[in-house]
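Subject: Structure for you to look at

Hello,

Here is the structure I said I would pass on. Please open it first, and then read the notes below with it on the screen.

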Amino acid sequence: MKITNKTSSTNQTSKALRKVFSLPASMRDVAMHYCSGCGHGIIHRLICEVIDELEIREKTIGVAPVGCAVLAYDYWNFDTTEASHGRPPAVATGIKRILPERIVFTYQGDGDLAAIGTAEIIHTANRGENITVIFVNNAVYGMTGGQMAPTTILGQKTETTPWGRDAQRDGFPLKISEMLALLSGVVYVERTAVNNAKNVLLTKKAIKKAFLNQIENKGFSLVEILSPCPTYWRMSPVEAVKWIETEMVKYYPLGVIKG
Amino acid sequence: MMREKILMCGNEAIGEGAIQANCQFYAGYPITPQNELTAYMARRMYEEGRVFIQSESEISAINMVFGASLAGARAMTSSSSPGISLKQEGISYLVGCELPAVIVNIMRGGPGLGNIAPSQADYFQAVKGGGHGDYKTIVLAPSSVEEAFNLTRLSFDLADHYRNPVIILGDGLLGQMMEPLPQILNSKLKIQNYPKDWALTGCLGRKPRIIRSLLLGEGELERHNQKLQEKFKSISEKEVRFERLYLEDAEFVLIAYGTVSRICKAVVNNLRGKNKKIGLIRPITLWPFPEKIIRETAEKIEGILVVEMSAGQMLEDVKLAVEGKCPVYFCGRMGGGIPTEEEIYEKLSQMLI
Amino acid sequence: MAYIKIDKEKCKGCLLCMTNCPKGLIIQDEEINIKGVRAVSFKNNSECTGCAFCALMCPDVCIEVYK
């Protein structure tokens, strides 16, 4: 909406200003345990904003992973469970098949989804389960102290690749979105990032579309979100979001990969 | 009413038991010797308009059951020994989250890939808990096709009543063998209704619920464990089941469960025909274990012979129950071997009875 | 024009708001908050357009925007 630029004095104009941004209703007003500058907090909020806007809070069931985001259920204001490591897609399958009218989504990190949970995510996607998967790719295991993840990029130093990830010894970073896009059961895959305001808005748009697909019974949707982990990238939050721009995006290009 | 009879294998009888218990969700993965169960559920669950999924692994199957159960549905998975090993983490989570579910193990020879012959060598895994943490699951051991059907129906009530997983412990022999099932099986039995006011169904009209087993608060997990132990105590007091034969005047008692108990029954009846005072105790619930009847009996008899298709696992629980009140002997076969009547007679004769 | 409110006690001092404000209206405090962290403050003047870039980037939902 265009703001007519009345000659406003330094304090506010006579018209009371409206609150345009605040805590979503689907989010609990509690301090989160995440490290300073961690992307999980942003992504949690975006999901809750989408759930508010789609008015599905009372129909939504979230499945939290094992990892930093295991405590997501303390921050979400809707029914939530927590699956064993790597198994949220299987748990979500069980829920969705029993409650097809409910909106079911999994929230998983790269260790949960791309390492121990690879079989579950591939087969859940391949069955075209009508669920939404939020895949947070921060290129390390955070909860356990910064080990290499399947998405750690080549040369990246971690607790378990102290001299940098080496392809011969540690294999190559896993491109989950491109891999899943090949499966017929998958209707929508997009990779976004939360490293700047523009990308945060694009991430929200992608999340909303992924939830809408589910509401419209279109099938399996996944949003991969590049997210900063300042603590285990050994950087400041500001450097971390820059590193996404300069390094991560080179290997994990942003954009719609399918649908 | 003329009771017609249907010929069914144990695996299918378990499947039909689940169907009649209103099981709404089944996930399974192929493994011999329980494949007939998965195939049966594939057909019957579709006919009943319920959910059947062949999962990508036994791990995925138990976690699908976890999801269906927390959504409020009666859910079951089945497998055999190696597959059940893969489900142990899931079972521990089900107990931690206080979720009902039925897990069927049609045991085969082990360890490792073993073979596909019948076995009872997963007793410890089922009864002592193959997963992590202090937990118990009710373990039911059928010895006939009809009992497999009845115990499966019962298992869903027990699971819902106690909000805890229940294990049906059969073996390859029971799963494969066919026996007549009385016509009653087609009668729609009354389904006990257990309100699931804890399930995750979307928080319309109520506060959001969380179902989880991670409890990091100070003393939180210990308090949760104490609550679980209370539950297990109450199960132990109320849910023990066993069959007893000729204990009134028995001087010597065989103890066996599942299909092995039928071989022992033949031995007992045969020796009773020769006026030998021999009896039998057949645990039906392997947990809670019928230790009271065993202890009381042990005080009055010369000795006990435990017969298993394993190296002797229930043997240890019998010894614990007997507390040295009488000698406890063992006769068993491993790796899929099935004890024969002759072997039992031979063992008994060594013990001069 | 527009302004923001910052919950200084929830702020973890990540400065993602500060570096994303197109007008440079957010600065880091000298003193520390209850978490022992140098939180941020809003230089309240007429330049704030209410774009909410700061709030979008805040991982801890510390910022409310009024427009």
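Which residues does A:Asn138 touch, not counting residues up to four places away in sequence? The list is A:His40, A:Asp110, A:Ser227, A:Cys229 and A:Trp233. Please keep in mind that this is a predicted model.

To find A:Asn138, go to the loop of chain A between strand S5 (132–137) and strand S6 (140–141). A:Asn138 has a relative accessibility of 6%, and because buried means under 20%, A:Asn138 counts as buried.

Chain A has another residue to look at, A:Arg234. This residue is in the loop between helix H8 (230–233) and helix H9 (237–251) of chain A. Its phi is near 60°, a positive value in a residue other than glycine. A:Arg234 has a relative accessible area of 56%, so it is exposed.

How the chains meet

There are 2 pairs of chains in contact, and chains A and B share the most contacts of these. Chain B and chain C have no contact joining them. The closest C-alpha atoms of chain B and chain C lie 20 Å apart.

Chain B as a whole

Most of my notes concern chain B. It has 13 helices and 15 strands. Along the principal axes, its C-alpha atoms fill a box of roughly 70 × 55 × 45 Å. Is the radius of gyration what a compact globule would have, or what it would not have? For 353 residues, a compact globule would have a radius of gyration near 20 Å, and the 21 Å of chain B agrees with that.

Of the 353 residues in chain B, 58% are buried. The chain exposes about 14000 Å², and 53% of this comes from carbon and sulfur atoms. Now take the contacts in chain B with a separation of 6 or more: residues 24 or more positions apart account for 79% of them. Chain B also has 40 positive and 41 negative charges, and the mean positions of the two sets are 4 Å apart.

Two domains in chain B

Chain B is divided into domain 1 (5–238) and domain 2 (245–350). How many residues of each domain are in contact with the other? In domain 1 of chain B there are 34 such residues, and in domain 2 of chain B there are 26. The centres of these two domains, taken over C-alpha atoms, are separated by 28 Å.

B:Tyr246 lies in the loop between strand S10 (242–245) and strand S11 (252–255) of chain B. B:Tyr246 is not a glycine, yet it has a positive phi of about 55°. Its relative accessibility is 32%, so B:Tyr246 counts as partly exposed.

Loops in chain B

Start with the loop between strand S5 (101–107) and helix H6 (123–129) of chain B, where B:Leu113 lies. Is B:Leu113 buried or exposed? Its relative accessibility is 66%, and since exposed means over 50%, B:Leu113 counts as exposed. B:Leu113 and B:Pro82 are 31 residues apart in sequence, while their C-alpha atoms are 7.0 Å apart in space.

B:Pro111 is also found in the loop between S5 and H6 of chain B. A cis peptide bond joins B:Gly110 and B:Pro111, with omega about 0°. Another cis peptide bond runs from B:Thr32 to B:Pro33, with omega near 5°. B:Pro33 is in the loop between strand S2 (25–28) and helix H2 (35–47) of chain B.

The next loop to view is the one between H6 and strand S6 (138–140) of chain B, where B:Gly130 is found. B:Gly130 has a relative accessible area of 38%, so it is partly exposed. Leaving out residues up to four places away in sequence, B:Gly130 touches B:Gln88, B:Gln125 and B:Tyr135. B:Gly130 and B:Ser85 are 45 residues apart in sequence, and 7.3 Å separate them in space, C-alpha to C-alpha.

A good place to begin on the screen is A:Asn138 and the residues it touches, including A:His40 and A:Trp233. After that, turn to chain B and its two domains, domain 1 (5–238) and domain 2 (245–350).

Regards

Key: Residues are numbered from 1 along each chain as its sequence is written. Chains are lettered from A and ligands numbered from 1 in the order in which they are written. This is a predicted model: local features need pLDDT of at least 70, side-chain atom pairs count only at pLDDT 80 or more; totals for chains, interfaces and linings use all residues. Side-chain values use heavy atoms; hydrogens and water are left out. Helices (H or I, at least four residues) and strands (E, at least two) are DSSP runs, numbered from the N terminus. The radius of gyration is taken over C-alpha atoms; the globule rule is 2.2 Å times the number of residues to the power 0.38. Buried means under 20% relative accessible area, exposed over 50%, partly exposed in between (1.4 Å probe, protein chains only). Contact means heavy atoms within 4.5 Å. Accessible areas come from the Shrake-Rupley method with a 1.4 Å probe; for residues, only the protein chains shown count as cover. Lys and Arg count as positive and Asp and Glu as negative; His and the chain ends are not counted. The place of a charge is taken as NZ of Lys, CZ of Arg, CG of Asp or CD of Glu. Domain bounds come from an automatic or database domain assignment.
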